[in-house]
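Hi,

Here is the structure I promised to pass on. Have a look at it first, then read my notes below.

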Amino acid sequence: MGSGGELRYEISQNAYIKLVLHSLKHKTSAVNGVFLGRSCDDVVQIIDSVPLFHNHLGLLPPLEISLIMIEEHYAALGLGIVGYFHANERSDDVELGNVAKNIGDHIYRYFPQAAILLLDNKKLEALPKGKDRLPVTRLYTRDASKNWKLAGSDGGCRLTTKEPAANVVLLDYISSKKWEDVVDFDDHLDDITKDWLNPELFK
Amino acid sequence: MTPRKDPSLGPEEWTLYEQVAVAAMDCQSLDVAKDCVNVLQKKFPESKRVGRLEAMLLEAKGSWGEAEKAYSSLLEDNPFDQVVHKRRVALVKAQGNLSGAIDLLNKYLETFMADHDAWRELAEIYISLQMYKQAAFCYEELILSQPTVPLYHLAYADVLYTLGGIENLLTAKKYYSITIDLTGGKNTRALFGICLCTSAITQLSKGRNKEDKDSPDLQSLASAALEKEYKRRASDKLSALTLAFKTLKVSS
């Protein structure tokens, strides 16, 4: 179970769509988020997600506060932080930067099967044309030498959405500009009445 | 939105074309932009200002090489054109060359050191590259020139906290306090900052003699203020907040 060689990740539609929409809301910035879930045999179930920031992703204080509060909230539901999501500032940039790796490392310390998902804009743009059911992200896991390694297509589909039509739903939300309703932790810190749980988003 | 031929606009009409062109470029409506620029070219055939718009159009199209040539040539004619200088930085940044953007911004700021937006942009690039000391320097410049803007004190505190170490944490606490002062105690981020700083300082100074005498009071004031606000306006998050304070060992 250690290095995650056989490990699969199954992400719920809402957890997935929420963070992609978040990145579309802040098209000119880098954004990030965390995944909540649990591990079950050799599958990590990603059940929910919280969008974090769209400004100054590299600063610690907002990150520390958000992680503590999110952990406290979800612990009551039996879920923990199981992964990290990152979308780069530039749409053609698919490099996993140091900020993302550092945050991933931190999450890994508490959950060794942690994954990093990096938004792949080319895949996202190609969605309307193809019938791709796989998430529009790149999956990274920690290898034995403590590096974040990109899961290639040779490994089969290690990351799938729980609901097969997730991308169809995503495209639908995109066309209705649903991203406007996404609230992240940055928004919450600026106005605490804004709820980072986004309880009404998919209703 | 294209300005129609309205004689009552007078010379304002041309400024409007310019503004619409830039706005169109911002939302990638390049055809609209091109139309506006064409109108201006006809009216002002030798104009450098229109030349600037033409260069921006090249940039918006992603014709990096041609845009760079156009901007450089404009700067040769007028080395004090701030807009063009900054467009050149944006051009370099858009191509992913962050160190190039940093170099250009630093050079720009040697001449135009009062440009706050440029200092902020530079700080943000540094933060994205985790070059926190350099980011701190930018915020120091901003604080010196605009000491009553809470945003800069807050960002400076965040950067210092991120740098870490007792000295930086103590200084960060001071700047969070200034932010709280400048914002009438209403800045959530600064209040959290106080709690985080105190907690981190306590952890780091365990077993040492350094004491942070005013700290328990300041931290309990900050946490009390946060709890009051959450109770009033975000009560469903209050339990997460209280548990968070327990984790941080915040005294109340």
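B:Leu144 counts as exposed, because its relative accessibility is 69% and anything over 50% falls in that class. Keep in mind that this is a predicted model. As for where to look, B:Leu144 sits in helix H8 of chain B, which covers residues 132-145. I also checked B:Leu144 against B:Phe112: the two are 32 residues apart in sequence, and their C-alpha atoms are 15 Å apart in space.

Next, the second largest pocket. Its space comes to about 1,100 Å³. Both chains help to line it: chain A gives two or more residues from each of helix H2 (60-75), strand E4 (80-87) and helix H3 (98-110), while chain B does so from helix H9 (150-163), helix H11 (188-204) and helix H12 (215-233). H3(A) has the largest share of that lining, with eight residues.

Which residues lie nearest the centre of this pocket? They are A:Glu64, A:Ile68, A:His106, A:Tyr110 and B:Tyr161, out of 42 lining residues. Sorted by class, the lining has 20 nonpolar, 16 polar and six charged residues.

One last thing, on chain A. UniProt, in an unreviewed entry, lists residues 9-138 of chain A as "domain: MPN". In the model, that span is 37% helix and 28% strand, and the C-alpha atoms at its two ends lie 12 Å apart.

Cheers

Definitions and conventions
Residues numbered from 1 in each chain as written. Chains lettered and ligands numbered in written order. Predicted model: local features only at pLDDT ≥ 70, side-chain atom pairs only at ≥ 80, totals over all residues. Heavy atoms only, no water. UniProt positions renumbered as here; feature names shortened; annotations may be inferred. Helix = DSSP H or I, 4+ residues; strand = E, 2+ residues; numbered from the N terminus. Buried < 20%, exposed > 50% of the residue type's maximum accessible area, 1.4 Å probe, protein only. 1 Å grid on protein atoms, 1.4 Å probe; cavity = no way out; pocket = protein on both sides within 12 Å on 5 of 7 lines; lining within 4 Å. Points joined across faces, edges and corners; volume = space filled by probe spheres on them. Nonpolar A, V, L, I, M, F, W, Y, C, P; charged D, E, K, R; others polar.
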